[in-house]
Amino acid sequence: MNIELEKKIIKQSRSKYNWRLVQPTWFTKYGRYLKEHKWNNIIVYRPYKCKITEYNADKLFTRLVRNKKMGIEYLWYALEKDRDTNWTHAHLLTNGIC
């Protein structure tokens with residue numbers, strides 16, 4: 001990440017009430033970071049034959065970025081547990097053609 005983008009993400013703001021500096025929360029920082037890219041696709045990836053975990057998710061999704069036919073330059077994902085089972089699924093944001 002470049003320094004200008006990092007400064008923009010962690011930029012403090014002033015409170016409306018007492019005009020003190022307020023540090024952004026992690027949620028705000030993620031939002032600012034995601035806003036910097038142009039996202040074309042939102043994908044919910046729910047595999048049934050293999051379990052997706054935080055350990056193998058990185059391997060699975062770097063394969064997508066390496067595949068030049070897909071045209072993916074950047075990808076962001078979040079893992080979420082299913083309600084009724086112990087399995088997880090992933091939410092992906094990409095810029096390429098899927």
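**Exercise 1. List the residues that Thr88 touches in this predicted model, leaving out those up to four places away in sequence.**

Solution, step by step:
- Begin with the neighbours: Thr88 is in contact with Pro47, Ile52, Thr53, Glu80, Lys81 and Asp82.
- Next, place the residue: Thr88 belongs to strand S5.
- Then look at what its side chain does: it comes to 2.4 Å from the backbone oxygen of Ile52.

**Exercise 2. Decide whether Thr88 is buried or exposed.**

Solution, step by step:
- Recall the cut-off: a residue is buried when its relative accessible area is under 20%.
- Apply it: the relative accessibility of Thr88 is 12%, so Thr88 counts as buried.
- Set this against the whole chain: 20% of its 98 residues count as buried.

**Exercise 3. Find the residues of the largest nonpolar core and the elements that give two or more of them.**

Solution, step by step:
- Collect the members: this core has 7 residues, namely Ile52, Ala57, Phe61, Ile72, Leu75, Ala90 and Leu92.
- Trace the elements: helix H3 (57-66) and strand S5 (88-94) each contribute two or more residues to this core.
- Zoom in on one member: beyond four places in sequence, Leu92 touches Asn41, Ile42, Ile43, Tyr45, Phe61, Leu64, Leu75, Trp76 and Tyr77.

**Exercise 4. Work out the order of helices and strands along the chain.**

Solution, step by step:
- Count the elements: the chain has 3 helices and 5 strands.
- Read from the N terminus: the order is α-β-β-α-β-α-β-β.
- Finish with the contacts: among those with a separation of 6 or more, 50% join residues 24 or more positions apart.

Technical notes: Residues numbered from 1 in each chain as written. Predicted model: local features only at pLDDT ≥ 70, side-chain atom pairs only at ≥ 80, totals over all residues. Heavy atoms only, no water. Helix = DSSP H or I, 4+ residues; strand = E, 2+ residues; numbered from the N terminus. Buried < 20%, exposed > 50% of the residue type's maximum accessible area, 1.4 Å probe, protein only. Contact = heavy atoms within 4.5 Å. Core = buried A, V, L, I, M, F, W, Y, C linked by side-chain atoms within 4.5 Å. Polar contact = N/O pair within 3.5 Å; in protein donor to acceptor, adjacent residues only side chain to side chain.
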